[in-house]
Each structure stands twice: as structure tokens, then as C-alpha cells.
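Me: Could you take a close look at one part of this model for me, and then place it in the chain around it? I would like the cut-offs as you go.

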Amino acid sequence: MGDVGGFAERYFRDDPSTAIVKLRQFTELMAKLIAAHHAAYRDERETFNDMLRRLSFERILPKEIADLFHALKNVGNDAVHEIRGSHGEALTALKFARQLGVWFHRTYGRQPGFNPGAFIPPVVKAGTSCWFGGVFSMAPIQTPLQ
């Protein structure tokens, strides 16, 4: 998941729409991992929207977390199908994805006290066109899902 999130950071400056698409992929992968962890994963034919509804209905996802998933799914769908996505939307999506990542780490990484520090927006490194920041540059999360 970190690789997909890292790509979102890298695309932020030059192509915010693609950054949003990558964040949608990040959240869909996370939802599949959560479903699998709870023996609730059906198959590839289940849509992301249906999976999120089911995970919410079965109370696997808290409402606040489900809302973040839906927000990222919706902005991601706009980026994919309408080729939309501003830097502001991409930054908001990065913040939402980070919140999901922290929640996932605390919940499924069995580290309820995990403190990632403050959100650091992507920044330009001198002499490069790539964006790197602290959002997805944490050490890989070791969970029972791996």
C-alpha cells in the first residue's frame, strides 16, 4: 500500500488527477485487506462501492472511517472518469488517505498508540521535479494481513 501512496505523492505536483487516482487505488486495496482480515472478502466482482457499504453495514468500518473511504472513492472516480482533480483536491485526498493509513496501522497493526507526527505536505526537493514528503514514507507496516 505504501508504494501506491508514495506514487500519489510523486504525482502531486505535475499531475494531481493521477495522484488522486493512486489514492483511490490505495483505499480500495486497504478495503480489500480489511475485508479479507474479517473473512468478509467476496471476490473481484464485488464493486468497491458495494464492499464499502457491506463493511459499513456489518460494522467493520466505523462511520467516520467509512466516510473517508467514500470521499476518496468519489474524488477518485471523478479523477478517473472526468479527468478532474486540482492540487487542492489532491492535497485533501492525501490528508484523508493519511488518516486512513494511521487508523489502519493502529487497528490492524496492533499499535493503538501509534503517533505518526504531524502531516507534512509534499515538498519539492531542490533540483528535482519529484515531490516527496512524510505522508507515505513511514516504515512498512507489519500486520497479520501480510
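Which side chain is joined to that of His105 by a polar contact, and at what distance?

Reply: It is the side chain of Gln111, and the polar contact with His105 is 3.0 Å. A polar contact here is a pair of N or O atoms within 3.5 Å; within protein, one must be able to donate a hydrogen and the other to accept it, and residues adjacent in sequence count only if both atoms are side-chain atoms.

A word on the ground rules, since you will want them. This is a predicted model, in which local features need pLDDT of at least 70 and side-chain atom pairs count only at pLDDT 80 or more, while totals for chains, interfaces and linings use all residues. Residues are numbered from 1 along each chain as its sequence is written, and side-chain values use heavy atoms, with hydrogens and water left out.

Now for the surroundings of His105. The residue sits in helix 5, which covers residues 87-108; helices are DSSP runs of H or I with at least four residues, strands are runs of E with at least two, and both are numbered from the N terminus. With a relative accessible area of 8%, His105 is buried (buried is under 20%, exposed is over 50%, partly exposed is in between, with a 1.4 Å probe and protein chains only). Buried company in helix 5 includes Ala90, Leu94, Arg98, Leu100, Val102 and Tyr108. The helix has 22 residues and spans 31 Å from its first C-alpha to its last, close to the 32 Å expected at 1.5 Å a residue; that expected span is 1.5 Å times one less than the number of residues. Just after helix 5, Arg110 adopts a positive phi of about 55 degrees.

Aromatic rings also feature in this helix. Ring pairs link Trp103, Phe104 and Tyr108 into a cluster, and the structure holds three aromatic pairs. One of them, Trp103 with Tyr108, is edge-to-face, at 5.7 Å centre to centre and 80 degrees between the planes. In the pair of Phe104 and Tyr108, the centres are 5.2 Å apart and the planes at 35 degrees, so this pair is tilted. For reference, rings of Phe, Tyr and Trp (its six-membered ring) pair if their centres lie within 6.5 Å; planes under 30 degrees apart are stacked, over 60 edge-to-face, and the rest tilted. Phe104 and Tyr108 are four residues apart in helix 5, about one turn of the helix. An α-helix has 3.6 residues a turn, so residues three or four places apart point the same way. Each ring of the cluster belongs to a buried residue: Trp103 has 15% relative accessibility, Phe104 has 3% and Tyr108 has 5%.

Phe96, also in helix 5, is partly exposed at 27%. Not counting residues up to four places away in sequence, Phe96 touches Leu68, Ala71 and Leu72, where contact means heavy atoms within 4.5 Å.

How does helix 5 join the rest? The largest nonpolar core has 33 residues, among which Ile34, Leu61 and Phe69 touch the most other members. Helix 2 (16-37), helix 3 (48-57), helix 4 (63-81) and helix 5 each supply at least two residues of this core, and the largest share, nine residues, comes from helix 2. Such a core is a set of buried Ala, Val, Leu, Ile, Met, Phe, Trp, Tyr and Cys residues joined through side-chain atoms within 4.5 Å. Beyond its neighbours within four places in sequence, Phe69 contacts residues including Met30, Ile34, Leu52, Leu61 and Leu100.

A second polar contact deserves a glance. Asn77 of helix 4 is partly exposed at 23%, and its side chain makes a 2.7 Å polar contact with that of Arg24. These two are 53 residues apart along the chain, with their C-alpha atoms separated by 7.9 Å.

Stepping back, the chain has five helices and two strands, running α-α-α-α-α-β-β from the N terminus. Buried residues make up 39% of its 146 residues. Of the contacts between residues at least 6 apart in sequence, 63% join residues at least 24 apart.
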